[in-house]
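The following exercises concern a structure shown below. Each task is followed by a solution that proceeds step by step.

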2 protein chains.
Amino acid sequence: MDQSKNILKRNGLSITEGRKLILEIFLQSMGALSHADIEKSASVSLDRVTIYRTLQTFVDSGIIHQIPTTDNTILYALCKDSCEAGHHHDNHVHFICMECEKTICMDEVIVPKVQLPKGFEPVNAAMVVKGMCSDCHN
Amino acid sequence: MDQSKNILKRNGLSITEGRKLILEIFLQSMGALSHADIEKSASVSLDRVTIYRTLQTFVDSGIIHQIPTTDNTILYALCKDSCEAGHHHDNHVHFICMECEKTICMDEVIVPKVQLPKGFEPVNAAMVVKGMCSDCHN
DNA sequence: GCCGAATTTGCAATAATGTTGCAAGTTTTT
DNA sequence: AAAAACTTGCAACATTATTGCAAATTCGGC
């Protein structure tokens, strides 16, 4: 019942050690991870290039999604809903704690629609809230 | 009536050629710019390092603000309201056109408040909408 | 299970991006 | 006009990302 194996299979990807490992890291972490986070937390050493390529593959397949940040890194997090290739449903709010620096996907808080000026056609929207998370807020 | 000069003066910064030039580029562009964009569009050649430092200075002073992206670059755009040092008021929505790739500040569309789970304390929120801009939408 | 085809990985090389120290040059202050 | 404060550019370095290619792994049919 290897969960990571199933996810890979479901998305029509070859099942390899590296992919399973990276997927495990996501499944265990809960929060969002950067390339560097994954490189650090990999028990077995994975080549940097493999990590880049695997993350890209996962994004393309809809297994993970990207979270915009203002510090020239990209964060990645598991998609909860069944995202299909090239068609993400990550319409939830992301929360960055200014204390512990963790990024959390708030799957239950969906991004509200906004009224755009005439002529602008929205396709998708991302929202990132900064503040204090429940653990640090005391 | 050098507008760039005034902005610098108002923020207590030394008035130098490089700063005026970069500020002009922002004033003329309307949209959001990356470090690379500025490097390209500078008529006079500016040192890469100077651009990095100037952008940081402008962010610190509240002249420009950062826009989160999912492609490991940072975009910068002029703050419309009077932002003070260390205290930005860039609570407006950003729009990225998937056709022309431009990023536009929608100063009139403010980021809506969302209801966060218990214990989470928001400080500020950013919102990025992707889609078709009015120029490309035809 | 074995074998060939297709895919994936790791290494090396290269490119792009970001940072720091310091001397020389500018701007501001007095 | 000179001193003090600040800014710039260069050089060196560090980090992060991309590409080509050969070796290794995985997949599919048998």
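**Exercise 1. Identify the bridge partner of Ala125(A) in S6(B), and describe how the two strands pair.**

Step 1. In this predicted model, Ala125(A) has Val129(B) as its bridge partner in S6(B).

Step 2. That bridge belongs to a pairing between S6(A) and strand S6 of chain B, which spans residues 121-132. The two strands run in the antiparallel sense, and their pairing extends over 11 bridges.

**Exercise 2. Characterise the contact between chain A and chain B.**

Step 1. Begin with the residues: 37 residues of chain A are in contact with 37 residues of chain B.

Step 2. Consider the area next. About 3100 Å² is buried between chain A and chain B, and carbon and sulfur atoms give 69% of this area.

Step 3. Examine the polar interactions. Between chain A and chain B there are 11 residue pairs in polar contact, counting pairs with both residues at pLDDT 80 or more, while the count of salt bridges is 0.

Step 4. Locate the contributing elements on chain A. Strand S5 (103-110) and strand S6 (121-132) of chain A are the elements that give two or more residues to the side touching chain B. S6(A) gives the most, with 12 residues.

Step 5. Sort the residues by class. The side of chain A that touches chain B holds 22 nonpolar, 10 polar and 5 charged residues.

**Exercise 3. Determine which residues come nearest to DNA strand D and which part of the strand they meet.**

Step 1. DNA strand D has 15 residues around it, of which Ile15(A), Tyr52(A), Arg19(B), Thr50(B) and Arg53(B) come nearest.

Step 2. Of the atoms of DNA strand D that come within 4 Å of the protein, 65% belong to sugar and phosphate.

Step 3. Turn to individual distances. An N or O atom in the side chain of Thr50(B) is 2.5 Å from a phosphate oxygen of DNA strand D. For the side chain of Tyr52(A), the distance from such an atom to a phosphate oxygen of the strand is 2.6 Å, and for that of Asp47(B) the corresponding value is 3.5 Å.

Step 4. Assign the surface to elements. Helix H4 (48-61) of chain A and helix H4 (48-61) of chain B are the elements that give two or more residues to the surface near DNA strand D. H4(A) provides the largest share, 4 residues.

Step 5. By class, this surface near DNA strand D comprises 4 nonpolar, 6 polar and 5 charged residues.

**Exercise 4. Carry out the corresponding analysis for DNA strand C.**

Step 1. DNA strand C is surrounded by 14 residues, and the closest are Thr16(A), Thr50(A), Arg53(A), Arg48(B) and Tyr52(B).

Step 2. Sugar and phosphate make up 62% of the atoms of DNA strand C that come within 4 Å of the protein.

Step 3. Separate base from phosphate contacts. Arg53(A) places a polar side-chain atom 2.7 Å from a base oxygen of DNA strand C. Phosphate oxygens of the strand are approached by the side chain of Asn72(A), with an N or O atom at 3.0 Å, and by a polar side-chain atom of Asp47(A) at 3.5 Å.

Step 4. H4 of chain A and H4 of chain B each supply at least two residues of the surface near DNA strand C. Here the largest share, 4 residues, comes from H4(B).

Step 5. The classes in the surface near DNA strand C are 4 nonpolar, 5 polar and 5 charged residues.

How values were computed: Residues numbered from 1 in each chain as written. Chains lettered and ligands numbered in written order. Predicted model: local features only at pLDDT ≥ 70, side-chain atom pairs only at ≥ 80, totals over all residues. Heavy atoms only, no water. Near = heavy atom within 4 Å. Polar contact = N/O pair within 3.5 Å; in protein donor to acceptor, adjacent residues only side chain to side chain. Nonpolar A, V, L, I, M, F, W, Y, C, P; charged D, E, K, R; others polar. Contact = heavy atoms within 4.5 Å. Buried area = accessible area lost by both parts, 1.4 Å probe. Salt bridge = Lys/Arg side-chain N within 4 Å of Asp/Glu carboxyl O. Pairing = 2+ DSSP bridges.
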